[in-house]
Each structure stands twice: as structure tokens, then as C-alpha cells.
Amino acid sequence: MVKVAVAGGSGQVSREIVDALLAAEKHEITILSRSEAPTNPIAPGIRWQKVDYDDKNSLVETLRGTHTLLSFVQMLSDPDQKSQKNLIDAAIAAGVKRFAPSDYGSKDIVDMPWWCGKEIIREYLRKVNEKEKVLEYTSFQPGLVLDYLAYPYKTSKYLDPLQTVFDLANRRAMVVEDYEDAVITFTTVSDLAAIIARAVDYEGKWPKTGGIRGNRITFSQIVDIGRKIRGSISVTKVKVEDLEAGDLKSSWGLQAVHHAVADDQARALLKQVAIGFLLSSSKGAWDVSDDFNQIFPDSEFTSIEDFLAGVWEGKP
Ligand SMILES: NC(=O)c1ccc[n+]([C@@H]2O[C@H](COP(=O)([O-])OP(=O)(O)OC[C@H]3O[C@@H](n4cnc5c(N)ncnc54)[C@H](OP(=O)(O)O)[C@@H]3O)[C@@H](O)[C@H]2O)c1
């Protein structure tokens, strides 16, 4: 049994992970939140600690005795990443053994300015460990959450659906011309949670890059599977040079952004997200490594074909 603290543990992805950790009944789990604990505990056996990310001394006190600190802090609302930097400093001062930053996405952050906070924190972690290793950490990278291909249907308990360039509901997809073989990694949020729960138990050293390959698949293969499951998929081919120029030459675009994006930013971000996702994919950013597949070779992942067949069966 170890003490696990989950910063931003009240969020969408983190709640899935907290449930997996609670189900294992092995560890003492504490959610760190900027808010007071809800009057009704969110789950039996869970602790809740209100924190002020600007108060490093109190963060150190809160983290004393913590073995593993998982961060799910929403970087979109903290452009300088002050909360996570203070959390890392406090974790080091408190002697926390392991840390996972709020990453949980792609291998590289190229062309995705909305996710630049992840790169800031990767760099910060490299820096604090430059002279000597002061904090063991892993950056969990599951690729894109597979549940998003079920949009607008919700397939997990807490994670809201999100539209992507693979819009199976409307039987359409955007693909970068000449990059049809670009690879994307997709992992369901429940498979991500299962791997993180195992990683918390794992007694070996965490790899710095924590790639998780639920499904490693090309754009063309996704379109093929989409056609098999939805009957037809119309493909819009966009050109890399247009995307680089900030131009999305497509008759359709994304209409729903992540819940953490402020309304006044949403319109601009919708186009940016489609362009950024397509461009970053063409540069291999979503072809994550298989570090945790190797550490846990017996792990079973939901296959994209089975997942989509289940989601879309009987749907209009
Ligand atoms: N690969 C993918 O497809 C994918 C999909 C979704 C998410 N993700 C990643 O998963 C992580 C969590 O995302 P999410 O959507 O689950 O997050 P979220 O629900 O939007 O936010 C998580 C928590 O962050 C805390 N928070 C918000 N602003 C903060 C600030 N300025 N300082 C400190 N804490 C703050 C909030 O907790 P309190 O208010 O309780 O403090 C919130 O509950 C992110 O790194 C995200 O990029 C990846």
C-alpha cells in the first residue's frame, strides 16, 4: 500500500483513473483540488484535500508521505503552467518518489499550440533532473482517446464525447493528401486507466516516456474500418501546404471543443485543432512508443474495430 495523490483528480480523465485505483483496493488515494471537498464524498474510501497551487509551503506539507503523484491539472487554464511547476517543486521538496505530469496524449506536441503547456512541463522536468535525478517521472502517452471516435455518444463514465476529424456520425473524415499512411495511436480511457493503475503498483523504474499503444493504425486503415462499420465514409483530402498556411480547405469543420475551452476562444480553436491534429499526425506526433506495452506484455487493449462495431451497432 502506498499513498497516491491525484492533482486535478476531480476532472474527466482523472476520475476514470481514480476509479481504477480505487477498484484495485491497494492504495490510499487523495484527490488534490482547488475546491473544498463535496458534501457527499465522490467515492467511498477516497480522501480529498483542498490545495492552493500558489502556496508551495502548504503543497509540500500536503505531499509529505506521498509515494506517487499523478497530475491531471488542466493546462489550458494555466498558460505559464505555474500550478504544475509549483507541484513539481513541492513534490521534490516533500520527497515524493514518482510523478506523472498532465500529459496523457501524443508523443510530440508539434503544431498543437493548445497543448504547449505539456512541452513546458516536459522541459521543466528535464531541467530539474539535469544535474542529478531528483524526481522519477513518466509522461503517460496513450495517443488519442479512442472514446472520441464514438462522438456524439459517451462511452465512459466521466469523459465527455469530443468530435475529431474522423466524424463517423456524419460518415466523413479529413485526411492529409500523401500522408494517408500517417500513424495514429488510439487507446480507450479505460485501458489508459488500467495501465496507470498497474504502473502505480509496478516496482520497477518508470520510463521517462510512458508510451501506451492501445491501437497503432494509419489514417487509411481508420477510413477502411469506418466504411466497414458505417457503410460509407466520404474523405476530404487537405494539403499540407494549406494546413501550414493556417488554411483548412474542407467543406466541414469541427463543431465541438473540449469542455475546458472558454466560449470566446472556442471558434478560433476549432479550426486550429483540426489543422494541428492533421499536421502533427503527418509529422508522426501521434505514433507513440510502446514502453508500457513492453513493461506489461500481458495487457489487453480494446481493439479499434471491436470498439467501433460496438458503439455504432444499430445507430443511424
Ligand atoms: N489524449 C487525449 O485524447 C486526451 C483527452 C482528454 C484529456 N487529455 C489530457 O488529460 C489531462 C486531463 O484532462 P481533462 O480533460 O480530464 O481535464 P479537466 O477535467 O478539464 O481538468 C482537470 C482538473 O484540473 C484542475 N484545474 C483546472 N485548472 C487548473 C489550474 N489553473 N491549476 C490547477 N488545477 C487546475 C481542476 O481541478 P480542481 O478544480 O478540482 O482543482 C480540474 O478538475 C490533460 O493533460 C489533457 O490534455 C488527453
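**Close-up 1. Ala 169 counts as partly exposed, because 16 C-beta neighbours lie inside 10 Å of this residue.** This and the other views come from a predicted model. Ala 169 sits in the loop that links strand S9 (166-167) to strand S10 (172-176). If we set aside the neighbours within four places in sequence, Ala 169 is in contact with Tyr 151 and Pro 152. Look also for Lys 315: 146 residues separate Ala 169 and Lys 315 along the chain, and their C-alpha atoms are 8.7 Å apart.

**Close-up 2. Here is helix H6 (residues 219-230), seen with its packing partners.** For its 12 residues, 1.5 Å a residue gives an expected span of 16 Å, and the end C-alpha atoms are indeed 16 Å apart, so the two agree. Phe 219, Ile 222, Ile 225, Gly 226 and Ile 229 are the buried residues to find in H6. They lie on the same side of H6, because their arc around the axis is only 125 degrees. The buried residues of H6 pack against S9, S10, strand S11 (183-187), strand S13 (215-218) and helix H10 (304-312). Just after H6 comes Gly 231, with a positive phi near 90 degrees.

**Close-up 3. The ligand is shown with the 23 residues that surround it.** Gly 8, Gly 11, Ser 33, Gln 74 and Ser 83 are the closest. Two elements, helix H1 (12-24) and strand S8 (144-145), each give two or more residues to the shell, and H1 provides the largest share, 3 residues. By type, the shell holds 12 polar, 8 nonpolar and 3 charged residues. Domain 1 (3-142 + 188-211) and domain 2 (144-187 + 215-312) each contribute at least three residues to the shell.

Key
Residues numbered from 1 in each chain as written. Predicted model: local features only at pLDDT ≥ 70, side-chain atom pairs only at ≥ 80, totals over all residues. Near = placed C-beta within 6 Å. Helix = DSSP H or I, 4+ residues; strand = E, 2+ residues; numbered from the N terminus. Nonpolar A, V, L, I, M, F, W, Y, C, P; charged D, E, K, R; others polar. Domains from an automatic or database assignment. Buried ≥ 20, exposed ≤ 12 C-beta atoms within 10 Å, placed from the backbone. Contact = placed C-beta atoms within 7 Å. Expected span 1.5 Å × (residues − 1). Arc of directions from axis to C-beta.
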